[in-house]
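Student: Could you give me a close look at the sheets in this model? I would also like to hear how they connect with the cavities and the ring contacts.

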Amino acid sequence: MKRVLAIILGGGKGSRLYPLTKMRAKPAVPLAGKFRLIDIPISNCINSNITKMYVLTQFNSASLNRHLAQTYNLSSPFAQGFVEVLAAQQTPESPSWFEGTADAVRKYQWLFQEWDVDEYLILSGDQLYRMDYSLFVKHHRETGADLTVAALPVDAQQAEGFGLMRTDLDGNIREFSEKPSGETLKAMAVDTSRFGLSKDSAKEKPYLASMGIYVFSRSTLFDLLNKHPSYKDFGKEVIPESLGRGDVLKSYVFNDYWEDIGTIGAFYESNLALTKQPKPPFSFYDEKFPIYTRPRYLPPSKLVDAQITDSIIGEGSILKSCSIHHCVLGVRSRIESDVVLQDSLVMGSDFFESPEERIALRKGGGIPLGVGQGTTVKRAILDKNTRIGDNVTIINKDNVEEADRSDQGFYIRNGIVVVVKNASILDGTII
């Protein structure tokens with residue numbers, strides 16, 4: 001895998017994940033209490049022996065840059081590995097920002113071409129899955145493909161939101177359709193049992209969806225980008241063009257857990273699914289294929305007469321006489337007495353507050369970090385460094401689906417209350 005260069009796309013504004021992307025890029029959004037979304041593709045690369053990685057960013061990239069710098073130092077005189085951030089920039093030759101996935105790669109092709117590699121692995125920075133990319137690249141090489149697209153078997157309802165592939169018996173892509181519906185959708189169905197699915201699974205999932213993960217042969221990638229400078233997106237323009245001109249396009253079927261963390265609802269459900277017992281859909285407890293992140297060297301969590309069920313608790317947390325059910329709590333979470341947390345994500349804090357600081361805050365009319373005494377939180381996301389006062393109720397009492405309450409420190413997305421980063425919710429507030 002030394003002759004493979006990985007390019008991880010940081011994504012656009014992340015408007016569907018707002019307000020979690022208010023002050024951070026999509027790949028920097030916290031995950032599972034202690035990780036960030038960007039840790040997934042980078043860890044997959046490391047575990048696949050792919051150690052040359054560029055991360056292309058454009059919006060709110062400061063926290064992402066900091067996380068990568070503090071976490072991944074792969075360089076050595078022998079390994080020549082790296083994880084390097086490439087931010088969007090304006091130059092005399094290219095005065096505009098990134099305008100799409102293909103455009104982002106095109107604008108830095110001068111740098112990518114300097115590397116003596118045979119393949120370019122294009123990845124997304126906001127997906128949750130575990131894949132051995134070495135098998136993906138091996139399949140690409142053995143089949144003599146110019147371009148290989150990772151494909152996920154999906155049902156009819158899911159299929160309408162993806163780019164779909166129709167393949168022949170040998171896995172050659174014969175047709176590519178972006179988010180089809182009706183009769184066009186039905187025409188894209190294939191017999192997925194030939195890719196290892198059981199008869200029942202194949203009947204349930206007869207469509208092959210593009211995961212937005214590609215392996216390009218060197219000459220193919222740059223030939224497509226240079227001959228079609230107006231093409232901005234891989235899925236909508238570059239892949240159909242490659243297919244139309246007769247390139248060898250292959251599918252690589254991935255029949256395992258994969259989730260595109262594109263909305264608040266998907267982010268919320270994916271996190272809480274990690275608490276499922278005895279076998280969650282995605283596990284961070286695989287020693288043979290670990291997910292890496294920043295080492296924080298935090299003390300163990302302290303639980304004082306707390307009742308906790310089906311939850312994940314990040315290190316460095318302090319939980320007093322509280323009740324926590326079906327929740328994910330991030331690092332340095334502070335939960336006071338008589339608190340009830342249910343079906344919620346608490347992202348924790350970036351720093352500790354001493355007992356003296358907390359007392360001084362209270363005396364000055366402020367609110368300490370964490371969740372205050374007697375508070376109830378259900379079906380909510382509390383972003384980093386939030387300060388929730390005493391006897392607060394956060395339960396979306398009116399069952400609102402969508403609302404902007406930025407002046408009050410929260411939003412409602414997909415029926416989920418999202419308290420924004422660094423926000424303070426005053427004592428006795430009812431949401």
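**The sheets and what goes with them**

Tutor: Let's start with an open sheet of five strands, which follow one another in the order 15-18-21-24-27 with parallel pairing. Its edges are strand 15 (307-309) and strand 27 (393-394); each has a single partner strand, so one side of each is left without a neighbour in the sheet. Please keep in mind that this is a predicted model. At the strand 15 edge, three bridges make the parallel link to strand 18 (residues 323-325). Within that link, I308 is placed opposite I324 of strand 18. As a reminder, the strands of a sheet pair through backbone hydrogen bonds, and the pairing can be parallel or antiparallel.

Both directions come up in another open sheet, where seven strands in the order 16-19-22-25-30-29-28 show mixed pairing. Here strand 16 (312-313) and strand 28 (403-405) are the edge strands, and because each has a single partner strand, one side of each has no neighbour in the sheet. Further in, strand 29 (residues 410-413) and strand 30 (residues 416-419) run antiparallel and are joined by four bridges. One residue pair to find there is Y411 with V418, its bridge partner in strand 30.

The seven-strand sheet also leads us to the cavities. There are three cavities of 30 Å³ or more. The largest holds about 80 Å³ of space, and 13 residues line it, with A32, G33, N271, V328 and M347 lying nearest its centre. Two or more lining residues come from each of strand 2 (30-31), helix 11 (264-273), strand 19 (328-329) and strand 22 (345-346). Strand 19 and strand 22 are both members of the seven-strand sheet. By class, the lining of the largest cavity has nine nonpolar residues, three polar ones and one charged one.

The second largest cavity has a volume of about 60 Å³. Residues lining it include R332, R334, V346, G348, N385 and T386. Its lining is made up of two nonpolar, six polar and two charged residues. R332, one of the residues in that lining, also lies over the face of F352, at 5.6 Å from the ring centre. There is another contact of this kind at K34, whose charged end sits over the ring of F35, 5.8 Å from its centre. F35 in turn belongs to a cluster linked by ring pairs, together with Y257, F282 and F284.

That brings us to the ring pairs, of which the whole structure has 16. In one of them, the ring centres of Y120 and F222 are 5.1 Å apart with the planes at 80°, so the pair is edge-to-face. Since Y120 lies in strand 6 (residues 119-124) and F222 in helix 9 (residues 218-227), the pair ties together parts that are 102 residues apart in sequence. Both Y120 and F222 are buried. F216 and F234 form a tilted pair, because their ring centres are 5.4 Å apart and their planes stand at 40°. With F216 in strand 11 (residues 207-217) and F234 in helix 10 (residues 234-244), this pair ties together parts that are 18 residues apart in sequence. F216 has 0% relative accessibility, so it counts as buried. F234 counts as buried too, because its relative accessibility is 0%.

Notes: Residues numbered from 1 in each chain as written. Predicted model: local features only at pLDDT ≥ 70, side-chain atom pairs only at ≥ 80, totals over all residues. Heavy atoms only, no water. 1 Å grid on protein atoms, 1.4 Å probe; cavity = no way out; pocket = protein on both sides within 12 Å on 5 of 7 lines; lining within 4 Å. Points joined across faces, edges and corners; volume = space filled by probe spheres on them. Nonpolar A, V, L, I, M, F, W, Y, C, P; charged D, E, K, R; others polar. Pairing = 2+ DSSP bridges. Phe/Tyr/Trp six-rings, centres within 6.5 Å; stacked < 30°, edge-to-face > 60°. Buried < 20%, exposed > 50% of the residue type's maximum accessible area, 1.4 Å probe, protein only. Lys NZ or Arg CZ within 6 Å of the ring centre and 35° of its normal.
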